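Colleague: Got a minute to walk me through this one? I'd like to start with the confidence scores and then get to the ligand.

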Amino acid sequence: MTSITHDESAYVPPAEVEEPELYHPKSFVGKYIWSQDAKVIAVQYAITAIGVGLVALVLSGIMRLQLGFPHAFSFINPSNYLQFVTMHGMIMVIYLLTALFLGGFGNYLIPLMVGARDMVFPYVNMVSYWVYLFAVLLLMASFFVPGGPTGSGWTLYPPQAILPGTPGANWGIVLMLVSLAFFIIGFTMGGLNYVVTVLQARTRGMTMMRLPLTVWGIFMATILALLAFPALFVSAIMMTLDQTLGTSFFMPALVSQGQHLNYNGGSPILFQHLFWFFGHPEVYIVALPAFGIVSDLIAVHARKNIFGYRMMVWAILAIGGLSFVVWAHHMYVSGMNPYFGFFFATTTLIIAIPTALKVYNWVLTLWRGNIHLTVPMLFAIGFVFTFINGGLTGLFLGNVPVDIPLSGTMFVVAHFHMVMAVSPVLVVFGAIYHWYPKITGRMLNDTLGKFHFWVTFLGTYAIYYPMHYLGFLGVPRRYYAMGTTVFVPESAQSLNEAITIAALIVGAIQVVFLYNLIWSYFKGKPAGPNPWRATTLEWQTPHTPPKHGNFGATLPAVYRWAYDYSVPGAAEDFIPQNQPPGKKAKGLEQALDASDLGAQKLDGAGTPKPIGS
Amino acid sequence: MTYALIFLSGLMAIVMWWLVRQTVNVKPWTEQRSVEIMQGDGGLSLPSVKVGLGVFLAVATSLFALLISAYHMRMMGEDWTKLPVPRVLWLNSAVLILASVAMQRTRAAARQGQLERVKSGLIASGVLSFSFLAGQLWAWQQMDAAGYFVAANPAYAFFYLLTAVHGLHLLGGLWVWCKTTAKVLRGVEVGKVRLSVELCTVYWHYLLVVWLVLFAVLLHTHT
Ligand code: HEM
Ligand SMILES: [Cu+2]
């Protein structure tokens, strides 16, 4: 192995980019509370998001109790049912998934994966978290104000959102709108960091096309969010003004409970346009990071390069661009020009093309891969199932004539839970099982993880599959109780009972996951630096968990893409991104004389020939 | 929503163009030696704060484009009246233009390293900007005194809303201006504030353009 004497690539010139001044906290408070280290901020984001997500989970359990066993629980009444629906939906979409994917995974993974010491604006990054926390507290406060939280549905449609008949029409809705505004301000601060860090702070050799797909997904999702959230911001401000100062941006002239209100001429449709101009990209804001992460999980745990990397990147770009021109498919029932509807149906179906490409590429990556059914891999495969399922019903709903009878029914609830609730959540779980060893230095318990996966995955199907049938029957969404109808048979009630039981089991089982998170933190198997034998930079740090500054004295240089798995002729079945080409030959010889395992592999692969020489 | 869409399509086109240029004809699966890596691409060869400001301006533009879209959609309502544009807005516009000019000259001075001119330029543009804000408040006052309350008509409501959002952006800029001016008054080298001055200049020009567009929008109102 000493035969390689001259290796030009072993010498790495010092970084030509000036290294940023890192902030060096001394006290515990500086290190873990007012921290400017993206990794700590990531954990703060994640814990807050998961905490508030648990509230939303409990709310969904309560709603299911009501739907499965109507009249059995006196503490649920029609108005707090609506409040639970609203808070559940809004928390899950914005305060859990958006915050967790971008604030949590974005903060943790972007600097590590692009080979940076930290985000480019660490102070702004810290403020971003505290503003987010403030937004969460405002939202939670609405449970305790007179009238309680708003019950207008997560879409907050005016005029009903601020009319006396709707629960929380005074305090609740204002707190919700103000909280959203703060969320957006906080997010913008974080989002600037994520985008600029990817653009500016990549280490030497880390070209855009060598970025792991996780970074691509988070990057594009952040761009979408930065451009789409202003629409929510505008509508939140205008509705707050309608509610507090009595302007008529959205409020038409109306008579409410026998009284003529002081509103005049406002346009509820304007609100819907603004809301969905944000609302549809929002679906991709949670989906694109999930796409990226799943691609990486599949490649690592199938020990194969991702199939069609460039196609995957372009698909992310195409989806990002297209997601701005489909918003009105949420408004088919608001009455629109048929040509308008036709246009939006067409764009909606077009966006399915890049999405389907991604699905094919995941499946082709799995095809004949050396699949390790680890817990992250199980969740990734589970995602592919639920995502295909939800995506197909989405194709139905994208067509105006199919959507019109189905919108407002449980079919829609089943569809979007499959595609944008369960699917990203499965990815969140997979990602936590995958990166927990890097974050804490310990593995999560495998048995508990598999148990968690199977119950969650099968449970999801038990909950949402039958729900499609309820939708076909015409069972409406956002209904406290059905009463008797001519079109819904008795048996629907037994189905609802079964769904509720499944939902309660799935909900309860999450305790096992939380227990695993806490138990493994203290007692888990030590993970070592790179337990999954992955190529990306976060696994090549000198310390696990990585210290502040991530990479020790010098930043890594990158020589290859993120997907050098099972390269024929290589000693190991993965080659880290920062391993210089010459080093591989060295590793090879080492393998030849040291390890028969490597030698056996080489036998099968034919003459070992270092690539790139 | 047409305005927001036009803006976004333009922006997305730029983003896509840049990203696609980064990605076509690249074969990421081939490796590179260190010599090539030394020339490898490290960002946009601009300071990160500048890129950050650019991204922020895109976000702000999205916000204003959406507000203008909303304005135009709401204008179709039958209850819309013509906005009695306060005269003082013309004066304010002139003041804001002067503030921008002063910033531009400060920037030139900072490039040439002339501390005194940087000092006077910064103070001039700051004073002008605050006068603009005071002028805007005065316009509010006039509207209010004339009985054009915010809730009375959507045209008035939009007037208050648009000027407020623009003014808050300017206040944010003035915060950076304060920090920069404080440094200059303490007598730091010009080199230390050059970047901040450049950022302020870009931001001031941006807000000037936004204001002129908003003003045009407010003037162009049908009855
Ligand atoms: C065990 C997990 C979950 C269960 C059992 C569940 C259950 C429910 C139920 C019963 C409803 C109300 C249906 C109605 O009466 O109209 C609902 C609505 C909703 N859920 Fe979930 N959900 C879960 C997870 C999630 C997640 C992870 C998300 C994240 C995207 C999500 C997003 C929503 C949204 C956006 C609504 C609509 C709210 C509205 O109509 O305003 N849910 N969910
Ligand atoms: Cu949509």
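Colleague: What pLDDT does chain B average?

Modeller: This is a predicted model, and chain B averages a pLDDT of 89, with 93% of the residues scoring at least 70. For the complex, the predictor gives an ipTM of 0.93 and a pTM of 0.91.

Colleague: OK, ligand 1. How many residues surround it?

Modeller: There are 22, and the closest are Tyr81(A), His88(A), Trp154(A), His417(A) and Arg478(A). By type, the shell splits into 14 nonpolar, five polar and three charged residues.

Colleague: Which helix gives the most to that shell?

Modeller: H3(A), with seven residues. Helix H2 (38–68), helix H3 (78–114) and helix H12 (410–440) of chain A each supply at least two.

Colleague: Any polar distances for me? What does Tyr81(A) do?

Modeller: An N or O atom in the Tyr81(A) side chain sits 2.6 Å from an oxygen atom of ligand 1. His88(A) has a polar side-chain atom 2.8 Å from a nitrogen atom of the ligand. With Trp154(A) it's a polar backbone atom, 2.7 Å from a ligand oxygen.

Colleague: Switching to backbone oddities: where are the cis peptide bonds you flagged?

Modeller: One runs from Pro158(A) to Pro159(A), with omega near 0°, and Pro159(A) lies in the loop between H4 and H5 of chain A. Another goes from Thr544(A) to Pro545(A), omega near -10°.

Colleague: And His71(A), what's its phi?

Modeller: Near 75°, so positive in a non-glycine residue. His71(A) is in the loop between H2 and H3 of chain A, and is exposed, with a relative accessible area of 68%.

Technical notes:
Residues are numbered from 1 along each chain as its sequence is written. Chains are lettered from A and ligands numbered from 1 in the order in which they are written. This is a predicted model: local features need pLDDT of at least 70, side-chain atom pairs count only at pLDDT 80 or more; totals for chains, interfaces and linings use all residues. Side-chain values use heavy atoms; hydrogens and water are left out. pLDDT is the predictor's confidence in each residue, from 0 to 100. A residue is near a molecule or strand if one of its heavy atoms lies within 4 Å of it. A polar contact is a pair of N or O atoms within 3.5 Å; within protein, one must be able to donate a hydrogen and the other to accept it, and residues adjacent in sequence count only if both atoms are side-chain atoms. Helices (H or I, at least four residues) and strands (E, at least two) are DSSP runs, numbered from the N terminus. Ala, Val, Leu, Ile, Met, Phe, Trp, Tyr, Cys and Pro count as nonpolar, Asp, Glu, Lys and Arg as charged, and the others, Gly among them, as polar. Buried means under 20% relative accessible area, exposed over 50%, partly exposed in between (1.4 Å probe, protein chains only).
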